Amino acid sequence: MKTDRILVTGGTGYIGSHTVVELQQAGYPVVIIDNLSNSNIEVLDGIERITGIRTDFVEADCTDFDALSKLFQQYPDIKGIINFAASKAVGESIEKPTLYYRNNLNTLINLLDLMPQNEVKGIVFSSSCTVYGEPDMNPVTEAAPIKTATSPYGNTKQICEEIIHDFVRSGAPIKSVILRYFNPVGAHPSAEIGELPNGVPQNLVPYLTQTAIGIRKELSVFGDDYDTPDGSCIRDFINVVDLAKAHVIAVERMLQDKSLDKVETFNLGTGIGLSVKELIAAFERATGVKVPHKIVGRRAGDIEKVWAEPKHANEVLGWKASISIDDTMRSAWAWQCRLRDRDVK
Ligand code: NAD
Ligand code: WQD
C-alpha cells in the first residue's frame, strides 16, 4: 500500500468510480467526497466487489469550504486531488447558469485554496473537448484555439482551466494536470460499476443501450446531413477504464515531481473519429442486439466532427487508449443488463 492518499471529489460518479478502482488497484489509499447529487452510495459496493477495498467516503458538498477543510484535517495524508465533482448537463446549464457557475467554480476554488496549507502537491482537473468548440482541424491538438463556449457548462471548464493557470502563476506551491476528455463511454468489464444517467439520457451511448433493452422505443440520430462521410456527426469515443487509468498516471506524475510544467494539459481520446451511425453499427456487431433508430433533425448546438490527437498523452504520459470499440460496446451492454437485473431504470 502506498502512503500518499488521493482525494477523489465526485468519486461515486461515472468517471470517478472507475478511477477509484484503478487507484486502489495501483495501491493508493483513497478518500471520496461526494454530495450524491448525481450518484448513488451503492457505487461503493460495486467498487468494493471489484477491488476488495471499502473506500473511505465523506458525504459533503465541495462548495462547503468548512466541510472540505475538516476533511483535510481528518486525512492529513492527502497528497493529491482528482477533481471530478461538477454539474455536467449541457442543457440544464443553459437553464440554470448560476447553479453551474457556483458549483463548478466554487468547488475548484475551495480545493485550490486548501491545497498549500494542507501540503497537497497536485490536482488533476476534469476538462473537456468542449473547450475546442467546432475545431478548425481534426484531429485536435492541445494547441488548437479555445472557442467561445456555447453553454455555461462549457464555459465553466474554460474558466476553471484559467483559474488553475492564474493560481499557479501567483506562485502557489502546487502542480496541476488538466485532462481534456473526448467522449467517455462504456463501463467496467465486471459490470459492477458504470454510468447512471439521471432521467432521460441526453448522451448517445446511454440512450442507445436503454433503447436496446426496451426502456426507450427508438434512438433518434440527430442529423444525417453533416459534411461527414455518412452524414452523421463524428466523435472520439474513449473507454472509461482507459480514461480512468490516465488519471492514475497523471496524479503519480505530480506526486513524483515528474511534471515538465507546473500546469500540463493533455487530450484524452483514442485518436479515432467514429460517426454516430458507425457507433450504432459497432454496438449491433459487438452485441448481436439490434437498436431501433431513425434519422431526425439536427440537435441545436451540436459539433459536426471532433476527434483527438492523443500523441501528447501517448508520448509524455506513456498512456494510450487500448480497449476496442467492440469491447467498449459490450461493456456498456453488460452494464445495462446488470441495471435491468437490479431493476434500476
Ligand atoms: P458524474 O455526474 O457521474 O460525476 C460527478 C460526481 O460529482 C457525482 O457523483 C456528483 O454527485 C458529484 N458532485 C457534483 N457536484 C458536487 C459537489 N459540489 N460536491 C460534491 N460532489 C459533487 O459525472 P462524470 O461523467 O463522472 O464526470 C466527471 C467530471 O468529468 C465532471 O467534471 C465532468 O464535467 C467531466 N467531464 C465529463 C464528460 C462526460 O462525458 N461524462 C466529458 C468531459 C468532462
Ligand atoms: C454524441 C453524438 C449527437 C444522443 C456532450 C457534451 C460535451 C461532453 C460530452 C462533458 C452527437 C448524437 C446523441 C441521441 C444522437 N461532456 N446523439 N442521438 O454532444 O459529443 O458531448 O457530452 O464535457 O461537453 O456536449 O455527446 O453523447 O450527447 O452526443 O444522435 O439521442 O451523438 O447529436 O452527434 P456530445 P453526446
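This tour moves through a predicted model, from a buried strand to backbone exceptions and then to salt bridges.

**Strand 5 and its neighbours**

Begin by selecting residues 122-128, which form strand 5. All 7 of the 7 residues there are buried, so the strand is largely enclosed by the rest of the structure. Display the side chains: Gly122, Val124, Ser126 and Ser128 point one way, while Ile123, Phe125 and Ser127 point the other way.

Next, add strand 4, residues 78-83, which runs parallel to strand 5 and is joined to it by 4 bridges. Within this pairing, Phe125 of strand 5 has Asn83 opposite it. Then add strand 6, residues 175-181, whose parallel pairing with strand 5 comprises 7 bridges. Here Ser126 has Leu179 of strand 6 as its bridge partner. To follow the chain between these two strands, select helix 6, residues 152-169; the β-α-β crossover from strand 5 through this helix to strand 6 is right-handed.

**Backbone exceptions**

Most peptide bonds are trans, and most residues other than glycine have a negative phi. Three places merit a selection in this respect.

- Asn138 and Pro139 are joined by a cis peptide bond, with omega about -5°. Pro139 belongs to the loop between strand 5 and helix 6.
- Leu36, not a glycine, has a positive phi of about 60°. Its place is the loop between strand 2 and helix 2, and at 22% relative accessibility Leu36 is partly exposed.
- Glu119 likewise is not a glycine and has a positive phi, about 55°. Glu119 lies in the loop between helix 5 and strand 5 and is exposed, at 60% relative accessible area.

**Salt bridges**

The whole structure contains 24 salt bridges. Select Glu218 and Lys294, whose closest N and O atoms are 3.3 Å apart. Glu218 sits in the loop between helix 7 and strand 8, and Lys294 in strand 13, so that the pair links distant parts of the chain, 76 residues apart. Glu218 is partly exposed at 25%, as is Lys294 at 38%.

Proceed to Lys277 and Asp224, a salt bridge with an N to O distance of 3.7 Å. Because Lys277 lies in helix 9 and Asp224 in the loop between strand 8 and strand 9, the pair ties together parts that are 53 residues apart in sequence.

Finally, select Lys290 and Glu284, which also meet in a salt bridge (3.7 Å, N to O). Lys290 is exposed at 62% relative accessibility, whereas Glu284, at 17%, is buried. Elsewhere, Asp45, Glu48 and Arg54 form one network through salt bridges that share partners.

Definitions and conventions: Residues are numbered from 1 along each chain as its sequence is written. Chains are lettered from A and ligands numbered from 1 in the order in which they are written. This is a predicted model: local features need pLDDT of at least 70, side-chain atom pairs count only at pLDDT 80 or more; totals for chains, interfaces and linings use all residues. Side-chain values use heavy atoms; hydrogens and water are left out. Buried means under 20% relative accessible area, exposed over 50%, partly exposed in between (1.4 Å probe, protein chains only). Two strands pair if DSSP finds at least two bridges between them. A crossover is right-handed if, with the strands pointing away from the viewer, the path from the first strand over the helix to the second runs clockwise. A salt bridge is a side-chain nitrogen of Lys or Arg within 4 Å of a carboxyl oxygen of Asp or Glu.
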